[in-house]
Amino acid sequence: MNQMVKTRLWDKQRTRRQEKLNLAKEKGFAKQVEHTRVIELLETVISSSDRVCLEGNNQKQADFLSKSLSQCNPEVIHDLHIVQSVLALPSHIDVFEKGIASKVDFSFAGPQSLRLAQLVQQQKISIGSIHTYLELYGRYFIDLTPNVCLITAHAADREGNLYTGANTEDTPAIIEATAFKSGIVIVQVNEIVDKLPRVDVPADWVDFYIESPKYNYIEPLFTRDPAQITEVQILMAMMAIKGIYAPYKIQRLNHGIGFDTAAIELLLPTYAASLGLKGQICTNWALNPHPTLIPAIESGFVDSIHSFGSEVGMEDYIKERPDVFFTGSDGSMRSNRAFSQTAGLYACDLFIGSTLQIDLQGNSSTATVDRISGFGGAPNMGSDPHGRRHASYAYTKAGREAVDGKMIKGRKLVVQMVETYREHMHPVFVEELDAWQLQEKMESELPPIMIYGEDVTHIVTEEGIANLLLCRTPEEREQAIRGVAGYTPVGIQRDEAKVKELRQRGIIQHPEDLDIDPTQVSRDLLAAKSVKDLVKWSGGLYSPPSRFRNW
Amino acid sequence: MEKLKFELQSAPLSAQQAAVICGVVGSGNLEVLVSQHDQADICQIEVTTSAVGFQHVWQSVLNEFAQRHAVAGLKFQLNDMGATPAVVNLRLSQAISMFKGV
C-alpha cells in the first residue's frame, strides 16, 4: 500500500509552473518585463494546449496582451483553450484565425458575434459552452482553471502589487483561480509607480507585469444619452413605476442596459417622486454607475449601489459619494463583477431588462441566426434563484400571487420591458425564437435562451403590463403575452374574449387602468434631457467621454 | 409615400371644439391634426405615410382606437414618418385628450 502512494507525484502542476518560470529566468526575464519582449515571454511560459484566460469583459480589456498573444508564432504555441468572459476585440478572434487557439469557453461575444459565427462554420474554432458570468467564474475553480492568465490593472508598484482602481471587474476571480492552482499570472498595467493608492492584488499572486505602451481600453457601455429617450419609452417607464415598482415596493434591484431602463431612472426624481415613492422604492442597487441615475442619487432616492465595473467619466462623482458607492481607503471605487452578479442573483427583488425576441411561453433571446452573441449576466439577474431563503415585501407578494394554496417560496420579479416592434418593424413577439435555428447551426445541446419563460413574472410593452404570476395555465399565459403584444402578428391573433377577461382580472393592465394620463407622457418628465443636464445634476463631477459631448 | 383613407364607426363626440395638432413629423414620429368632420356619425382618418405596405396594421391600430374612444364626428389627419404602432397609439391618445381639453 505505502509503496503505491509514494509513486504518485502530487506536485506536477507546480513543477510544470516552475519549469516555465526557470526557462523565463534563463532568457533574462525578471518580474517586470519590457513591452518589447512580451511576445517572447508568452512563447516561453505558454505551452500548446494550455488553458489561457484572457481578461476581456464588456468593459475593460487586457488589449495589449491580447494583441501580443495574437502575434505569437502558431508553430510555437497552438491549440490553446481560451477561457474568457467576453470576446470583444478583433485580436480575441485573431488567435483562432491564426491557429494559436482552437477552443473557447466564454460568456458573451457582442462586437465579435458575427466573426465568431463565421469561424464556427469554417471549423476554425470549437465552442465548449456559452455561459453566464457566474457559471464561467465557477468553472474557473472546478474544471476550467487557467494555466496562464493575461490580465489588466491600472498600476503596479516595483514589487508587482496591483491597483485595479474603479474597474476591478473580473480581475480578482481570474487571478484567484490561476494563482492558487499553480498557474502563471501576467499583467499589463497603464503605469508603474513607487506607491500605489491601494493594493487590490498582492505582489506574490503576480508573476510578470508589463507597462503597456498604451492605456487599456475601457468601453463606456452603460452611458445612455437622455436626448435619445422616446415618449413611448417614457410611457413604459411610467407603467413600470406605477404598475410594478409601487405595488411591490421594489427597493433592491438591478436594471439592464438600455434606453427603456434609463427612462425609469430619469423618472424617479419627477414622476415617482410625485407619486410619493421616494424612500419607498429603488433604494439599493446592484448596478454599474449609470450616469442616468445621477438625478435620482442627487434627489436622495438612492441609498447604495454595488457595481460590476465602473463607467468612464463617473470616477470623480463616485469618489465624492462614498455613502452610496463602494470605495476604498484611497477614495476610488472598487467594483467586482463576481460579487455584484451574486448580489443581483440573490439579494435583489427585481430585474428589469429588454430583449430582442419573446415567444409565447415568455422565453426571451437576443440571439439572431447569423450571430453567436452569448449571455453575459442577464440570465443570472433575470432568474428566480431557488437558493434564496430570505423574505422581503416584494418577494413574498410575488410568491403569493404565483400560487393558490400555501406559499412555500417567494418569487423574484423578472420583468421584460419591450416595445412590440423594434426598428424597421421587426416584431419582438414571435411564434418561435431564432435561438432554435441558431442552436441547429451551432450544433449545441441547448438553445441560447437568455431568460426562461418560467422565470419571467411581468412583460411591459406600450400596450400594457402582463402579470404572468397570476396566470394559472399555459393557455392563460399565452393569451396574457398575446394581450400585450400589440399589432405584431402574434398580438393580432389573440383571443379577444380571453384577453378581455384577463384584463378584468388585473392580469393585463393598460395605461388607463393605471390612471396614466397620456398628455403627461412627455420628455418634460425626464429629470435630465441631455448629457449636459447630467453633468449639471452632478455639480460638474461627471465628466462624459467626448463622444457624448456636443457642447 | 402612401396615402390611406379610413372611415370608421365610433361612438359620437358631441362637444364642439377647436382643431388641435399634436406631435411632429420627424423620423419615427408623426403629427396628428384633429378637427370637426362634416359627417357626425363617422370618424374619418387620412394617413400620409413614408412607410409603404402597412395598410393592415394601420387598419388594426385605427379600428381599436375608434373603439376605445368616442370619435365619430371627427376628422384626423396623420402625417407619418415611419412611426411604430406604439408611437401612433400614444400620439392618437394624446391628440384626443388635447381635443377634448382633458
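## Exercises on chain B

B:Ser27 is exposed, with 8 other C-beta atoms within 10 Å. Keep in mind that this is a predicted model.

**Exercise 1.** Work out why B:Ser27 is classed as it is, buried or exposed.

*Solution.* Start with the count: 8 other C-beta atoms lie within 10 Å of B:Ser27. Next, recall the cut-off: a residue with 12 or fewer such atoms is exposed. B:Ser27 is therefore exposed.

**Exercise 2.** Place B:Ser27 in the chain, and find what B:Ser27 touches beyond its neighbours within four places in sequence.

*Solution.* Begin with the secondary structure: in chain B, strand E2 covers 20-22 and strand E3 covers 29-36, and B:Ser27 sits in the loop between them. Then set aside the neighbours within four places in sequence; B:Ser27 is in contact with B:Met81 and B:Gly82. Finally, turn to the record: UniProt, in an unreviewed entry, puts "modified residue: O-(phosphoribosyl dephospho-coenzyme A)serine" at B:Ser27.

**Exercise 3.** Describe the fold pattern of chain B and decide how its compactness compares with the globule rule.

*Solution.* First list the elements: chain B has two helices and five strands. Along the sequence, they run β-β-β-β-α-β-α. Now compare radii: chain B has a radius of gyration of 12 Å, close to the 13 Å that the globule rule gives for 102 residues, so chain B is as compact as a globular protein of that length. Its C-alpha trace spans about 35 × 25 × 20 Å along the principal axes.

**Exercise 4.** State what percentage of chain B is buried, and what percentage of its contacts join residues at least 24 apart.

*Solution.* For burial, 37% of the 102 residues count as buried. For contacts, take those between residues at least 6 apart in sequence; 86% of these join residues at least 24 apart.

Conventions: Residues are numbered from 1 along each chain as its sequence is written. Chains are lettered from A and ligands numbered from 1 in the order in which they are written. This is a predicted model: local features need pLDDT of at least 70, side-chain atom pairs count only at pLDDT 80 or more; totals for chains, interfaces and linings use all residues. UniProt positions are given in the numbering used here, feature names are shortened, and annotations may be inferred rather than shown by experiment. A residue is buried if 20 or more other C-beta atoms lie within 10 Å of its own, exposed if 12 or fewer, and partly exposed in between; C-beta atoms are placed from the backbone. Two residues are in contact if their C-beta atoms, placed from the backbone, lie within 7 Å. The radius of gyration is taken over C-alpha atoms; the globule rule is 2.2 Å times the number of residues to the power 0.38.
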